[in-house]
Amino acid sequence: WCDVCGLALGPPPPPVPPPAPACPVCGNALDGRFCERCGHDSTAPAPGHPRTGAPAAASSPAPTTWRAVVRADADWFAVVRGQNGAVAATLEFPRYAPERRYVLSGDRMTIGRRSRTRGTAPDIDLAELDPAVSAAHALLVARSEGWDLVDLGSSNGTTLAVEDGPIRPHTPVPLPDGAVVRLGAWTTITLTADPARGQSR
């Protein structure tokens, strides 16, 4: 019927059927309980659906890689010369000492000078870089969230904060991200933590 004049307009058009349900797994139109394409049972939850009872995948933080950057530091050399007087005065700061980078791995990393007579082969070998580093100078020990520094009773000590002097031998000291370890006549080792990007050295 016309809403304006009341004239009979004929039978109403047939209703439009709703769209066929789609398979939640592959998206194929369903014509029954089981999908004809992938065979999924439409009465069962889709794989990975919360109703399956499977625990949701927890987003875990990216693994952290700790790196050690070894440098010849002129400022630290000046401090050493001021403290040790005549002994340090005989040393000359290297004209060319390329920066070295190490990836910290395993349970511990040794720092020192390679020596055949003493049988030392440290992970961070400063034999060709600094004559004032002991053969077995210091140790980096891994912990759950970083690394500890341990001086192994070295001849010239291991320093973090210059104003505090050398750390106590054989006593672990936690190292924060960005910590600068000072040892030998001019060597500094800076530790940094960043997302893993491989194991280059």
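# A tour from the E5–E6 pair outward

Select Leu-140 and then Leu-149: Leu-149, in strand E6, is the bridge partner of Leu-140. The model is predicted, and residues are numbered from 1 along the chain.

**Stop 1: E5 and E6**

Widen the selection to strand E5 (residues 136-143) and strand E6 (146-151). The two strands run antiparallel and are joined by six bridges. The link between E5 and E6 is a hairpin of two residues. Strands of a sheet pair through backbone hydrogen bonds, either parallel or antiparallel.

Is E6 enclosed or open to the outside? Colour E6 by relative accessible area: six of its six residues are buried, so the strand is largely enclosed by the rest of the structure.

Now pick Ala-142, which sits in strand E5. Ala-142 counts as partly exposed because its relative accessibility is 31%, and the range for that class lies between 20% and 50%. Leaving out residues up to four places away in sequence, Ala-142 touches Gly-106, Asp-107 and Trp-147. Draw a C-alpha to C-alpha distance from Ala-142 to Met-109: it reads 8.3 Å, for two residues 33 apart in sequence.

**Stop 2: the rest of the sheet**

Show the strands E4, E3, E5, E6 and E8 together. In that order they form an open sheet of five strands with mixed pairing. The edge strands are E4 and E8 (173-175), each of which pairs on one side only.

Start beside E5 with strand E3 (residues 108-112). E3 and E5 pair in the antiparallel sense over five bridges. Select Thr-110 to find Leu-139 of E5 standing opposite. In a regular strand the side chains alternate between the two faces of the sheet.

Which residues are the bridge partners of Gly-112 in E5 and in E4? In E5 the partner is Ala-136, and in E4 it is Asp-125. Strand E4 covers residues 124-125 and pairs with E3 in the parallel sense over two bridges.

Cross to the E8 edge. E6 and E8 pair in the antiparallel sense over three bridges. Here, select Asp-148 and Pro-174: Pro-174, in E8, is the bridge partner of Asp-148.

**Stop 3: two loop residues**

Go to Ser-154, in the loop between strand E6 and strand E7 (158-159). Is Ser-154 buried or exposed? Ser-154 counts as buried because its relative accessibility is 12%, and the cut-off for buried is under 20%. Display side chains here: that of Ser-154 makes a polar contact with the side chain of Asp-151, at 2.7 Å. Not counting residues up to four places away in sequence, Ser-154 also touches Ser-134 and His-137.

Move on to His-170, in the loop between E7 and E8. His-170 is exposed, because its relative accessible area is 57%, against a cut-off of over 50%. Check its backbone torsions: phi is positive, about 60°, although the residue is not a glycine. Most residues other than glycine have a negative phi.

**Stop 4: the largest pocket**

Select Val-80, Gln-83, Asn-84, Asn-156 and Gly-184. Of the 16 residues that line the largest pocket, these are the closest to its centre. The volume of this pocket is about 250 Å³.

Add helix H1 (74-84) and helix H2 (86-89), each of which supplies at least two lining residues. H1 gives the most to the lining, with five residues. Which classes make up the lining of the largest pocket? Colouring by class gives 10 nonpolar residues, six polar ones and no charged ones.

**Stop 5: before E1**

Scroll back to Ala-20, in the segment before strand E1 (64-72). Outside its neighbours within four places in sequence, Ala-20 is in contact with Ala-29 and Leu-30. Ala-20 and Leu-30 are 10 residues apart in sequence, with a C-alpha to C-alpha distance of 6.4 Å.

**Stop 6: the whole chain**

Clear the selection and display the full chain as a cartoon. It holds two helices and 10 strands. Along the sequence the pattern reads β-α-α-β-β-β-β-β-β-β-β-β. The chain has 201 residues, of which 32% count as buried. A contact map adds one last figure: among contacts with a separation of 6 or more, 48% join residues 24 or more positions apart.

Methods. Predicted model: local features only at pLDDT ≥ 70, side-chain atom pairs only at ≥ 80, totals over all residues. Heavy atoms only, no water. 1 Å grid on protein atoms, 1.4 Å probe; cavity = no way out; pocket = protein on both sides within 12 Å on 5 of 7 lines; lining within 4 Å. Points joined across faces, edges and corners; volume = space filled by probe spheres on them. Helix = DSSP H or I, 4+ residues; strand = E, 2+ residues; numbered from the N terminus. Nonpolar A, V, L, I, M, F, W, Y, C, P; charged D, E, K, R; others polar. Buried < 20%, exposed > 50% of the residue type's maximum accessible area, 1.4 Å probe, protein only. Polar contact = N/O pair within 3.5 Å; in protein donor to acceptor, adjacent residues only side chain to side chain. Contact = heavy atoms within 4.5 Å. Pairing = 2+ DSSP bridges.
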